[in-house]
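Subject: Handing over a structure

Dear colleague,

Here is the structure I promised to pass on to you. Please open it first and keep it beside you while you read the notes below.

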Amino acid sequence: MSDITKSYRSERGSCFWVAESEEKVVGMVGALPVDHPTLREKQLQLLHLFVDIERRCQGTAKALVGTVLQFARDQGYSEAVLGTNTVQFSARALYQGMGFQETGQSHLTVSGRLVAVPTVHFIHHLPSAQAGGL
């Protein structure tokens with residue numbers, strides 16, 4: 001995150017969005033292509049969704065996620081994926097409300113230690129550009 005241009009704008013099929021209100025940043029989200037040799041579908045990963053605490057429950061997160069989904073569709077991705085931790089109840093509800101489906105959970109290790117909060121993985125199957133609509 002220290003170099004957004006390098007991380008999110010240098011790779012084809014990736015992007016980063018910032019939501020502003022009254023000339024202040026109130027939200028952001030990034031998206032990067034998933035590069036995995038066993039994938040059958042072209043996937044885009046949604047990363048680092050953040051909305052300022054004072055702007056939550058006002059549609060900012062939904063607009064940012066919707067922007068990522070539209071970008072993914074326009075770029076020819078067939079799936080959008082993401083991970084969030086299990087205690088992010090409102091984020092999980094947002095994703096599920098926007099059509100993401102839970103695919104499983106994993107526990108991350110940091111320096112050989114098991115992190116106590118599991119990550120929940122989600123997928124959103126995108127309609128093809130020919131099918132129209134999100």
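I begin with helix α3, where the face turned away from the buried side carries the exposed residues F89, S90 and G97. Here buried means under 20% relative accessible area, exposed means over 50%, and partly exposed lies in between, with a 1.4 Å probe and protein chains only. Helices (H or I, at least four residues) and strands (E, at least two) are DSSP runs that are numbered from the N terminus.

Before going further, please keep in mind that this is a predicted model, in which local features need pLDDT of at least 70 and side-chain atom pairs count only at pLDDT 80 or more, while totals for chains, interfaces and linings use all residues. Residues are numbered from 1 along each chain as its sequence is written, and side-chain values use heavy atoms, with hydrogens and water left out.

On the other side of α3, the buried residues are A91, R92, L94 and Y95. Seen down the helix axis, these residues fall within an arc of 160° (taken from the directions from the axis to the C-beta atoms), so they line one face of the helix. This fits a general rule: an α-helix has 3.6 residues a turn, so residues three or four places apart point the same way. The buried residues of α3 pack against β3, α2, β4, β5 (101-106) and β8, and the helix is followed by G99, whose phi is positive, near 100°.

One of those buried residues also takes part in a charged pair. A search of the whole structure finds 1 salt bridge, a term that stands for a side-chain nitrogen of Lys or Arg within 4 Å of a carboxyl oxygen of Asp or Glu. E102 forms a salt bridge with R92, and their closest N and O atoms are 3.7 Å apart. Since E102 lies in strand β5 and R92 in helix α3, the pair ties together parts that are 10 residues apart in sequence. R92 counts as buried at 17% relative accessibility, whereas E102, at 37%, counts as partly exposed.

Next comes the nonpolar core, which is a set of buried Ala, Val, Leu, Ile, Met, Phe, Trp, Tyr and Cys residues joined through side-chain atoms within 4.5 Å. The largest such core has 27 residues, and of these W17, V65, Y95 and F100 touch the most other members. Several elements each supply at least two residues, including β1 (15-21), β2 (24-33) and α3 (89-97), while the largest share, 7 residues, comes from α2. Leaving aside neighbours within four places in sequence, F100 is in contact (heavy atoms within 4.5 Å) with V65, L69, A80, L82, Y95, F122, I123 and H124.

Two loop residues also deserve a look. E22, in the loop between β1 and β2, has a positive phi near 50° although it is a residue other than glycine, and at 77% relative accessibility E22 counts as exposed. C57, in the loop between β3 and α2, is likewise not a glycine and has a positive phi of about 65°; C57 is exposed, with a relative accessible area of 85%.

Finally, for the overall picture, the protein chain has 3 helices and 8 strands, and buried residues make up 36% of its 134 residues.

With best wishes
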